[in-house]
Amino acid sequence: MKNHLIVVGVDGSDSGRRALEWAAREAAGRDTAVQAVLAWSWDGVEADVLTATSPEEEHRQATAVLERQVQAVIAEHGSHLPIAAETVEGRPADVLIAMARSADLLVLGSHGHSRLRHSVLGSVSEACIRRATCPVVVIPTHLGEPVPDREPAVRTAQR
């Protein structure tokens, strides 16, 4: 791996937290950095996750959500993990695809915070799988105890 970077989408959901945990464990085994990214946007109405009254408040709340999830993973798995955190304004799929252009891997939860639900994948995961230029790992939604022989879905980009 030439860039030694794993980008992971975080949105405050349990699925996003699980994706961040998986990415941190994977990075520790590869001596790779993790870039946790939370995309946010302001449209003047109440968002799915955040309840901000201005773009500045939306950004502040997004940053707080991301920091809480990163700190929770570091607290659980140790502070030796290199996890950078960044909030980026924009549509989640577009932001994650752009951030992952120079990454070795993009990691996502299968479902996050959204008004739309897909039967197998969330809309952001689906868009990233279709358009990312690096391999994409989708961590399944936790439905009880983990199944030992089940691996996350991985799609290798065609170059």
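**Exercise 1. Determine which residues of helix α3 are buried and what covers them.**

Solution. Helix α3 spans residues 92-99, and its buried members are Ala-93, Val-95, Leu-96 and Ile-97. Buried means under 20% relative accessible area, exposed over 50%, and partly exposed in between, with a 1.4 Å probe and protein chains only. Helices (H or I, at least four residues) and strands (E, at least two) are DSSP runs, numbered from the N terminus. The cover over the buried residues of α3 includes β1, β2, β3 (83-89), β4 and α4 (123-131). Contact, here and below, means heavy atoms within 4.5 Å.

The model is predicted: local features need pLDDT of at least 70, side-chain atom pairs count only at pLDDT 80 or more, and totals for chains, interfaces and linings use all residues. Residues are numbered from 1 along each chain as its sequence is written, and side-chain values use heavy atoms, with hydrogens and water left out.

**Exercise 2. Describe how α3 packs against α4.**

Solution. Two packed helices are described by the angle between their axes and the distance between the axes.

Step 1. The axes of α3 and α4 come within 9 Å and cross at roughly 40°. Axes are lines fitted to C-alpha atoms, for helices over the stretch in contact, and angles run from 0 to 180 degrees between N-to-C directions.

Step 2. This angle makes α3 oblique to α4. Angles under 35 degrees count as roughly parallel, over 145 as roughly antiparallel, 65 to 115 as roughly perpendicular and the rest as oblique.

Step 3. The crossing of α3 past α4 is right-handed, that is, the near helix is turned clockwise from the far one by less than a right angle (anticlockwise would be left-handed).

Step 4. From α3, the contact uses Pro-92, Ala-93, Asp-94, Leu-96 and Ile-97; from α4, Val-124, Ala-127, Cys-128 and Arg-131. By class, these residues are seven nonpolar, no polar and two charged. Ala, Val, Leu, Ile, Met, Phe, Trp, Tyr, Cys and Pro count as nonpolar, Asp, Glu, Lys and Arg as charged, and the others, Gly among them, as polar.

**Exercise 3. Describe the packing of α1 and α2 by the same steps.**

Solution. The axes of α1 and α2 are 10 Å apart, at an angle of about 50°. The two helices are therefore oblique to each other, and α1 passes α2 in a right-handed crossing. Gly-16, Arg-17, Leu-20, Glu-21, Ala-24 and Arg-25 of α1 meet Gln-69, Val-70, Val-73, Glu-76 and His-77 of α2. This contact has four nonpolar, three polar and four charged residues.

**Exercise 4. Identify the central members of the largest nonpolar core and the elements that supply it.**

Solution. A nonpolar core is a set of buried Ala, Val, Leu, Ile, Met, Phe, Trp, Tyr and Cys residues joined through side-chain atoms within 4.5 Å. The largest has 25 residues, of which Val-8, Leu-20, Ala-36, Val-70, Ile-83 and Val-107 touch the most other members. At least two core residues come from each of β1 (5-9), α1 (14-30), β2 (33-40), α2 (55-77), β4 (105-109) and β5 (136-139). A second, separate core of 19 residues includes Val-88, Leu-96, Ile-97 and Ala-100.

**Exercise 5. Establish whether Ala-52 is buried or exposed, and list its contacts.**

Solution. Ala-52 is found in the loop between β2 and α2. Its relative accessibility is 9%, so Ala-52 counts as buried. Beyond its neighbours within four places in sequence, Ala-52 is in contact with Trp-42, Glu-57, Glu-58 and Gln-61. Gln-61 lies in helix α2 and, at 15% relative accessibility, counts as buried.
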